[in-house]
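Reader: Hello! I have a model open on my screen and would love a close look at one part of it. Could you walk me through that part and then place it in its surroundings?

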Amino acid sequence: MTKTAAMTQAEQMQLDAVLRAIQTMSDKHREFEAAMHAGDEQAVRAALQACSEASHAWIRTPSYFEDGSPADVARYAALDELDALLSTPIPWNPEDRGATVLAAEVAEIAAASDAMGAAYGLVAEIDEELEYLDGEIELLQDMLGLLADEDEDCEDYMREPYELDEETRAEYEERLSRDKRRFVELNMERATKLGAGGEDPLNYWGVLAKHGLMIPEWHAIHSYQQRMQQAPASV
């Protein structure tokens, strides 16, 4: 990772710290890949912990530089090298045992993640309508004075119920009742699509906890296994 001239001493020191943090992430990821290659589950888990610590250290490292400055260019170049390391295909090697490391566990987590993503995809439009209705309900309640400020000096006439004529009041009340019914219906439909409901309706977090893996950890293992190239076809 190349340092760049033509910057202040403070910028150079900050860049040095940034490059060290990125290099540490690269080094720890190489240790993780070595553990995967060896098929050592315990070493893989330890390496993943070290990767997490390196990542947190990087997050804590001040890394803002003026856009397009030499330091900014050097930082992005180092990050590009790290991205390449994380995404480069892994050449086929019959001694590479990475495909078997936590394979069943990661497959179960991946299936749970896909199911959760699909389920939340189904309710995306419902969530949009719920957000819209929530705003409409609050506005109608405000107009009807249900949430009116008790301050007698409030000059917002829309918050005073007696300022509304009976016809307008009846219209707002009808709309409010209709929107509330629709809000309840949509929440029931959302719960149906997400299964059991609750904070973890499809037990994704439960599966993670069962296998003792955090999201970045199982993603790292899954990524390694997906990047492994297949054996060449025999002629």
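Reader: How are helix 2 and helix 8 oriented to each other?

Author: Happy to help, and please keep in mind that this is a predicted model. Helix 2 spans residues 41-60 and helix 8 spans residues 215-227; their axes come within 10 Å and cross at roughly 120°. An angle from 65 to 115 degrees would count as roughly perpendicular, and one over 145 as roughly antiparallel. Helix 2 and helix 8 are therefore oblique to each other. Their crossing is right-handed. On the helix 2 side, the contact is made by Val 44, Leu 48 and Gln 49, while helix 8 brings Glu 217, Ala 220 and Ile 221. By type, the residues of this contact are four nonpolar, one polar and one charged.

Just before helix 8 there is a residue worth a click. Gly 212 lies in the loop between helix 7 and helix 8. Leaving aside residues up to four places away in sequence, Gly 212 touches Arg 45 and Glu 217. You have already met Glu 217 as part of the contact with helix 2. The relative accessible area of Gly 212 is 48%, so this glycine is partly exposed. Gly 212 and Glu 105 have 9.7 Å between their C-alpha atoms, although 107 residues separate them in sequence.

That brings us to helix 4, which runs over residues 103-122. With 20 residues at 1.5 Å a residue, helix 4 should span 28 Å, and its end C-alpha atoms are 29 Å apart, which agrees. Its buried residues are Val 106, Ile 109, Ala 110, Ala 112, Ser 113 and Ala 119. Helix 8 comes back into the picture here, for the cover over these buried residues includes helix 6, helix 7 and helix 8. Ala 111 is also found in helix 4, but with a relative accessible area of 45% it is partly exposed. The C-alpha atoms of Ala 111 and Tyr 204 are separated by 9.1 Å, with their positions 93 residues apart along the chain.

Helix 6, part of that cover, has 28 residues, from 166 to 193. From its first C-alpha to its last it reaches 41 Å, close to the 40 Å expected. Thr 168, Arg 169, Tyr 172, Leu 176, Asp 179 and Leu 186 are buried in helix 6, and the buried residues of this helix pack against helix 5.

For a contrast with the oblique pair, turn to helix 1 (residues 9-38) and helix 3 (residues 70-87), which pack at an angle of about 5° with their axes 10 Å apart. That makes helix 1 roughly parallel to helix 3. Among the residues making the contact are Leu 15, Val 18, Leu 19 and Ile 22 of helix 1, and Ala 71, Ala 74, Leu 79 and Leu 82 of helix 3. The full set of contact residues divides into 12 nonpolar, two polar and three charged.

Stepping back, the protein has eight helices and zero strands. Of its 235 residues, 33% count as buried. Among contacts between residues at least 6 apart in sequence, 75% join residues at least 24 apart.

Definitions and conventions:
Residues are numbered from 1 along each chain as its sequence is written. This is a predicted model: local features need pLDDT of at least 70, side-chain atom pairs count only at pLDDT 80 or more; totals for chains, interfaces and linings use all residues. Side-chain values use heavy atoms; hydrogens and water are left out. Axes are lines fitted to C-alpha atoms, for helices over the stretch in contact, and angles run from 0 to 180 degrees between N-to-C directions. Helices (H or I, at least four residues) and strands (E, at least two) are DSSP runs, numbered from the N terminus. Angles under 35 degrees count as roughly parallel, over 145 as roughly antiparallel, 65 to 115 as roughly perpendicular and the rest as oblique. A crossing is left-handed if the near helix is turned anticlockwise from the far one by less than a right angle, and right-handed if clockwise. Contact means heavy atoms within 4.5 Å. Ala, Val, Leu, Ile, Met, Phe, Trp, Tyr, Cys and Pro count as nonpolar, Asp, Glu, Lys and Arg as charged, and the others, Gly among them, as polar. The expected span of a helix is 1.5 Å times one less than its number of residues. Buried means under 20% relative accessible area, exposed over 50%, partly exposed in between (1.4 Å probe, protein chains only).
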